[in-house]
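Me: I have a structure here that I'd like to talk through with you. Could you take a look at it with me?

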There are 2 protein chains.
Amino acid sequence: MKVFIAGLGLIGGSLALALRDRQLADEILGLEATEARAAEALACGLADRMVSFEEGVSTADLIVLATPVDTIPLLAVKALNRVNSRQVVIDLGSTKAELCEVIEQHTRRSRFVAVHPMWGTEYSGPKAAVHGAFAGRTVVICEQERSDKDALHLVEQLFRSLEMPLIYMAAEEHDLHTAYVSHISHITSFALANTVLEKEREDRHIFDLAGGGFESTVRLAKSSSKTWVPILMQNKYNVLDVLREHIHQLQLMRRLIERDDKEGLQEMIDRANSIQRIIH
Amino acid sequence: MKVFIAGLGLIGGSLALALRDRQLADEILGLEATEARAAEALACGLADRMVSFEEGVSTADLIVLATPVDTIPLLAVKALNRVNSRQVVIDLGSTKAELCEVIEQHTRRSRFVAVHPMWGTEYSGPKAAVHGAFAGRTVVICEQERSDKDALHLVEQLFRSLEMPLIYMAAEEHDLHTAYVSHISHITSFALANTVLEKEREDRHIFDLAGGGFESTVRLAKSSSKTWVPILMQNKYNVLDVLREHIHQLQLMRRLIERDDKEGLQEMIDRANSIQRIIH
């Protein structure tokens, strides 16, 4: 199978490595936004050669869109415009409603499979790609009933080979749940980093005292704005909804502390503890 | 050296293991709040035997207070009431202003050294104690000028043997900086867990989708209310101050998203990214 990956950053690049490690691709064609990144991608072994979008789409069996989510809907249309009835196009983006709406009435919509592997790190670009990235993580397939059976089957087999459990969701449903479980975590972490940078003027203190739990909550704050501004804007209404609830929860905790309400504070913390029944 | 540790949970228990692993104690005497926990502590090898507070304080060379911070000031006074001029008392608590104020005028204040090792996990109790816990983490010593030279020297040598870099701070300063760097991270994480539990009614979705960054930001939400209510209450004013700033930062992000202000959002995320110059 010949695979074309548009966007060889953290996600696309890690997929390239996984395809190579498991010998799932005969050839990997790549595309990157700049010459510098293209050179990096080649140096990291993420593609056999770099090609234009047109060449990639016209020659690959599987076309993978792994660029920032604001660019995916138009690239999806342009790819579908060019593919034949045996080629398959997928994306790996973190939002799905906008994409699925844009391609809904395309005459070759059924050659597309909307895919979201639930894995990431705070790093980005070709150098951020890592071996063994996806194994054990869930992969979400959206609107699977709109994809041709052979296209869906190819994608399912591919991600099963990467040891990823498959789940299926409507696009709207996917965006709602990822806002709750992934997108809000990034907002929290960005805001926490800015809080500490604002209040703590001496870097040295942050560095010395960070053993007290700070690193884990602030890790995601290193994530790239190029990736995250598009995600937060595309999932605006779900993100705002969960962000309002999060601010409300923080205000509740603030009021309990202000009023010395130890019992109330204990109740909130005990309730929060119940997250361990889900996340071990 | 005979060591008495009051509180063989995560911190006290991990210190016991470190003392054993490095053969820094000839005998470790322990005290736990309940018989069940005392039995756990013995089963985990955290102490040679369990003793009363009175026996521990009257026979040990080094007395370590590792109980929740609301109990430490009175235990410190009671320990100092009984020690002679060669014994040393330390605490391992996460707050220092209240403690240092309470013992300030004690006639044997100089036998006390106020210590905060900057290490922890989200788990608690004797079973949470781990080997190799403290190495490489900073240990803060507060008000070191109020401790006798020999007492301070013993404590410095002990934590240097555990490979912990030492830093010195006034108690008020310690509580201010730990509010910024440690305590706010826990509040954020508790609030995030409650947000997601409130908004996402299906546990299964949280479990399936958590690969998107959720685990790392919510990890601290498993932390015990028995540990954290006392810390947040004892450090109330600093915690409220940093919590106000954190809510403000989240409201700023909310407004930028509401207004589709991509440039503003990008600026906030880029600013948050600069945390990586401090935390790698």
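Reply: Before we start on the core, a definition helps: a nonpolar core is a set of buried Ala, Val, Leu, Ile, Met, Phe, Trp, Tyr and Cys residues joined through side-chain atoms within 4.5 Å. Please keep in mind that this is a predicted model.

Me: ok, so which residues touch the most other members of the largest nonpolar core?
Reply: That core has 133 residues, and those touching the most other members are Phe214(A), Leu65(B) and Phe214(B).

Me: and what does Leu65(B) touch?
Reply: Leaving aside residues up to four places away in sequence, its contacts include Ala6(B), Phe53(B), Ile72(B), Val89(B) and Phe112(B). There is also a second, separate core of 38 residues, with Leu8(B), Ala47(B), Val64(B) and Trp119(B) among them.

Me: switching topic, how are chains A and B related?
Reply: Chain B superposes on chain A by a rotation of 180° with 0.0 Å of shift along the axis, at an RMSD of 0.0 Å, and the two copies are thus related as by a two-fold rotation axis. In chain B, the C-alpha of Thr217(B) is the one nearest that axis, 2.1 Å away.

Me: do the copies meet through the same surface or different ones?
Reply: Through the same surface, because 100% of the interface residues of chain B are also interface residues in chain A.

Me: what about the sheet in chain A, what's its strand order?
Reply: The sheet is open, with eight strands in the order 3-2-1-4-5-6-7-8 and mixed pairing. Strand 3 (49-50) and strand 8 (166-169) of chain A stand at the edges with a single partner strand each, so one side of each has no neighbour in the sheet.

Technical notes:
Residues numbered from 1 in each chain as written. Chains lettered and ligands numbered in written order. Predicted model: local features only at pLDDT ≥ 70, side-chain atom pairs only at ≥ 80, totals over all residues. Heavy atoms only, no water. Least-squares fit on C-alpha atoms with pLDDT ≥ 70 in both. Contact = heavy atoms within 4.5 Å. Buried < 20%, exposed > 50% of the residue type's maximum accessible area, 1.4 Å probe, protein only. Pairing = 2+ DSSP bridges. Helix = DSSP H or I, 4+ residues; strand = E, 2+ residues; numbered from the N terminus.
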